[in-house]
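Colleague: Hi! Could you walk me through this model step by step?

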Amino acid sequence: MGARIRGWGTALPTEIVTNADLEKTLDTSDAWILARTGIRERRIGSSTAELAIAAGRSALAHAGVEADSVDLTILCTTTPDDSVPATSAHVHDALGLGGGAFDLNAACAGFVYGLVTADALLSSGTASRMLLIGAETLSRITDWTDRNTAVLFGDGAGALVLDRTADEGQLLASDLGLDGSARHVLRAPIGGAIQMDGREVFRRAVRAMVDSATRTLQRAKVRPDQVALVVPHQANIRIIQAACDRLGIDRSRAATVLDRTGNTSSASIPLALVDAIHKDRLETGDLVLLTGFGAGMTWGSALIRWHAEGTDQ
Ligand code: COA
């Protein structure tokens, strides 16, 4: 038993905030932001539930399945709309999903944690169809007067429909980890804004992604040059490039959307994956490496064998 990706969808708020917009209120410049991060603009607005609902609806339509055929939903988010209940309750109701639903917070590694969890639940027979969503409204926990963080983050959502399959499935290997002693490096207290030691996050991020991706490839007995596409967490283009260089994977094989979205935490990997699909960058049989890191500090990697359109063919 395994899991197969059957459909996908994304959602972004309509309001675009460019670097030039930020220049008006912050002591910063488009040139600085672009050179240090690779970000040109980000989308702002909506609630986490609204974005999750839109991405989930799109993924269900793409998969061609009814909402009530889903028997378990995971909403990966670090920006729930309320402390209680879980934001997935709103999404479950709005979409008319079947079965249960829960939120998962592993910060920017959240979508990989969610994918590995979904794969395990499908493989064990606990669920036969799952909706996996990464959705964030980081703009709500960003201090828009702090140039150290305000230039980095954005809002968005991405979703996958996953089906149980009788074969081994598409997830070939994975690695999840956490160094909780570094939880002070990046945090947002309840009711407060993101606080971050940017240089320390940068240093740890590259190391965590490289080590986690390496373990994953070793578990699957795959060499870096066999990876067709890397879908990294979209925090900073320099982090992505440094990780690719150290892994020995050509930078051109990295999927990126952060120039248009900024860092959308749990949503960034599905947004980058779906963007790559739309650009015809994936063919059946391709090896795709997802890798992310985030507050906690968490990290997670997953190696997938791509199957075009996902459905049994
Ligand atoms: N505009 C202009 N100058 C800025 C600025 C901005 N938006 N933000 C910081 N600066 C300044 C700093 O104050 C510093 O000035 P100083 O030398 O006078 O003290 C200077 O630019 C260089 O700062 P530094 O921290 O060395 O820059 P950097 O190259 O490390 O880039 C980050 C800063 C935040 C872009 C980078 O460290 C980073 O991306 N870190 C990871 C953050 C992240 O991904 N967080 C989420 C993880 S999921």
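Modeller: Sure, and one term comes before anything else: a crossing of two helices is right-handed if the near helix is turned clockwise from the far one by less than a right angle, and left-handed if anticlockwise. Keep in mind as well that this is a predicted model.

Colleague: Got it. Which hand does the crossing of α3 and α4 have?

Modeller: Let's find the helices: α3 covers residues 48–63 and α4 covers residues 87–95. Their axes are 9 Å apart and the packing angle is about 45°. Angles from 35 to 65 degrees fall in the oblique class, so α3 and α4 are oblique to each other. As for the hand of the α3 and α4 crossing, it is right-handed.

Colleague: And how many nonpolar residues take part in the contact of α3 with α4?

Modeller: On the α3 side you'll find A52, I53 and L60, among others, and they meet a group in α4 that includes V91 and L95. Sorting the residues of this contact of α3 with α4 gives one charged, four polar and, for nonpolar, seven.

Colleague: Moving along the chain, at what angle do α7 and α8 pack?

Modeller: Look for α7 at residues 198–220 and α8 at residues 237–247, with axes 9 Å apart. F202 and M209 are among the α7 residues that meet α8, where I239 and L247 are among the partners. The residues of that contact of α7 with α8 divide into two charged, one polar and 10 nonpolar. The crossing of α7 and α8 is right-handed, and the packing angle is about 40°.

Colleague: Now the domains. How much area do domain 1 and domain 2 bury between them?

Modeller: Domain 1 runs over 2–165 and domain 2 over 171–311, with C-alpha centres 15 Å apart. In contact are 49 residues of domain 1 and 48 residues of domain 2. Of the area buried between the two domains, 68% is on carbon and sulfur atoms, and the total is about 3,800 Å².

Colleague: Which residues in domain 1 lose the most area to domain 2?

Modeller: Three residues together make up 18% of what the domain 1 side buries. They are W8, C108 and V112.

Colleague: Last one: which residue is joined to G296 by a cis peptide bond?

Modeller: There's a cis bond from V84 to P85 too, with omega near -5°, and P85 is in the loop between β4 and α4. For G296, look in the loop between β12 and β13, where the partner sits. Omega there is about -5°, and the partner of G296 is M297.

Technical notes
Residues numbered from 1 in each chain as written. Predicted model: local features only at pLDDT ≥ 70, side-chain atom pairs only at ≥ 80, totals over all residues. Heavy atoms only, no water. Axes fitted to C-alpha atoms, helices over the stretch in contact; angles between N-to-C directions. Helix = DSSP H or I, 4+ residues; strand = E, 2+ residues; numbered from the N terminus. Contact = heavy atoms within 4.5 Å. Nonpolar A, V, L, I, M, F, W, Y, C, P; charged D, E, K, R; others polar. Domains from an automatic or database assignment. Buried area = accessible area lost by both parts, 1.4 Å probe. Parallel < 35°, antiparallel > 145°, perpendicular 65-115°, else oblique.
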